[in-house]
Amino acid sequence: MGEERGISVERELGEESVSACGCDGPIATADGDDDDAVEHLWQVRDIQFGLVSGVLLLAGFLSGLARWEAAELGLSAAALLVGGSTFVPGALRKLVKGKVGVGLLMTIGAVGATFLGQVEEAAMLAFLFSLSEGLEDYSLAKTRHGLRALLDLVPREATVRREGRDLVIAPDDLLVGDLMVVRPGERLATDGVVRSGRTALDTSAITGESMPVEVGPGEQVFAGSINGAGVLEVEVTATAEDNSLARIVHIVEAEQSRKGSTQRLADRIARPLVPGILIAAAATVVVGFLIGDPGLWVQRALVMVVAASPCALAISVPVTAVASIGAASRRGILIKGGAALEALGRVRSIALDKTGTLTRNQPAVVDVAAIDPYSREQVLGWAAALEVRSEHPLAKAILAATDGVRAAEDVTAEVGAGLTGTLDGHSLRLGRPGWIDAGPLAADVAHMQQAGATAVVIEVDGRPAGAVAVRDELRPEAPAAVAQLRAAGYTIAMLTGDNPATAHALAAEAGIDEVYADLRPEDKSHIVDRLRGAGRATAMVGDGVNDAPALATADLGVAMGAMGTDVALETADVALMGDDLRLLPHAFDHARHTRRIMLQNVVLSIALIAVLIPLALFGVLGLAAVVLVHEVAEVFVIANGVRAGRTTHLPTLTAPATRPALEGASA
């Protein structure tokens, strides 16, 4: 799982932002390793060199007080060389490649000050800039740790049973089909299916759900979960490179280069600013020669070059985004890049799919109606015969309620309508009312729908024979989550393929007024497009499979319960790795908080440049003062961005109270 999944600085922050800031690649430590090894501030090479530069600069200052002028000059020059070594080589390498950045501006400022005899000023610039670069690198390493922490959930060893023997091997050596033995307190090394044993799994680090999840034989379990008191034997279903955590990290890597509109704005400003300020500085020097005081204006031009450094601007949004995405991932909210994060913060209208989002996606048969001479058992048997190869949730419910299923022949599916086939010479159709005329079953079907169930009609040889009612229970936390979203000012709509009666019954229970029912997948996409047309950024929340067109149409797609669901992870911009709907309002609140911080940083950075340039041009501020103001502002911007990584507004979820079953329901 190692190196190929590492996230480089350029991938996370965008190449332009890194170039603009003068950063020169992965963070270097004292022993030459990259930023994976950074745990303490003093381990960052730029910090080490900056401190040495500062000590030399202080020694030079004290020598000056003692009137040791030669020692003062030598120590100041040494401080300049040590501090400058952290950014000058990288700036020159980029210049050879045709790239200019803040490092080049600082290099020009330091060299120019030296030629003007202000070695101490140049050394101060190198000292402060090297420290600020080190602080920036350190903050990025710490904020990226939230994303990489997912990889640490996989244990270093796994126990596998082969040929009757228990062997301890590395997770990378696990094969699909292996029988993995997981003892109490151990983490699962990869995904699998429980073959024996029962236990409670702690999945809080993956899904954000603090309550243990009970599992037993036949149930799927995921990498990184912590076993409770029981011993499990788990059949491996995915290798270490292809399990749920690996897929998440792969998608994070693939999407990190996507930038939000605010970040693109920062890049658009920073990219032309650097060459623009160099041209302005050259023009200032020319003016100085024309008016007869070239030395003064050369000095001011150099100060102006340093004053226009857009480092705080270029780093402001990426630091915030990385900190925020890392914090969200620790609470089971996977945000796929800066673009998705900003879109999440702009959303004001939310379309919720019913099945698997507002409901548990575990439907059960609650009623069966039959017309003489047919029995309820015959009706269920015919329905099951058509559904035996279907993956639809209703099919699972019907099959679970039927014993001894016989498969129908020549089964074909009508998308969004139902199934047709033959059994024992009888022509069968199963589908929604409207596609099949309920006839004498109309009253039974209406009663089923009013009770909040989905009704399907079975037709035998062209005549209705019975109806089956299937109900998918509303998630117990759904009303509270919807109420929280509405209180925050979001417009909520429910989209479903169910009939209007069933849809409105469930929507009323969830607290949703705007309902769109009897929809096919393409209809959901049209509804989402219409909601977007109202001028409000719209998010679609679904399961990522049947809702794929709507997820793609929306300004932002959110997938529920994404652990183990490839389509959800690939289709959506945001994936809630747990099945708790309360993650949704927390995700939106987190994104809005992050977006406010981003805008604060951008406005502050632009205002700083706008103020410092004229002050430098007219000699109000000298070189050292400009550098000091810039670096203090940069540290402030980084610290403000890191605030987006605080998770106090993303509380750990607890199990909601169980909602009473609808009257007349049967398990």
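Where does E163 lie? I looked this up at the start and found E163 in the loop between β1 (158-162) and β2 (165-169), where helices (H or I, at least four residues) and strands (E, at least two) are DSSP runs numbered from the N terminus. E163 has a positive phi of about 55° although it is not a glycine, and with a relative accessible area of 82% E163 is exposed; I take buried as under 20% relative accessible area, exposed as over 50% and partly exposed as in between, with a 1.4 Å probe and protein chains only.

I note that this is a predicted model, in which local features need pLDDT of at least 70 and side-chain atom pairs count only at pLDDT 80 or more, while totals for chains, interfaces and linings use all residues. Residues are numbered from 1 along each chain as its sequence is written, and side-chain values use heavy atoms, with hydrogens and water left out.

On confidence, I recorded that the chain averages a pLDDT (the predictor's confidence in each residue, from 0 to 100) of 79, and that 79% of the residues score at least 70. Over residues 1-20 pLDDT stays under 50, and the model has 62 contacts for them beyond four places in sequence, a contact being heavy atoms within 4.5 Å. Residues 655-667 also keep a pLDDT under 50, with 21 contacts beyond four places in sequence.

I then turned to R67, another non-glycine residue with a positive phi, here about 65°. R67 sits in the loop between α3 and α4 (69-84) and counts as exposed at 72% relative accessibility.

Next I followed strand β13 (residues 418-423), which is largely enclosed by the rest of the structure because five of its six residues are buried. Strand β12 (residues 409-414) runs antiparallel to β13 and is joined to it by four bridges, two strands being paired if DSSP finds at least two bridges between them; the bridge partner of E414 is G418 in β13. On pairing with strand β14 (residues 426-431), I found six bridges to β13, again in the antiparallel sense, with G421 opposite L428. The hairpin of β13 and β14 has two residues between the strands, and D424 in the turn has a positive phi of about 55°.

Finally, I checked T359, which is in the loop between α14 (354-358) and β11 (364-370) and counts as buried at 0% relative accessibility. Leaving out residues up to four places away in sequence, T359 touches K354, D472, E473, L474, R475 and L506. In the loop between β11 and α15 (376-387) I found P373, which a cis peptide bond joins to D372, with omega about 10°.
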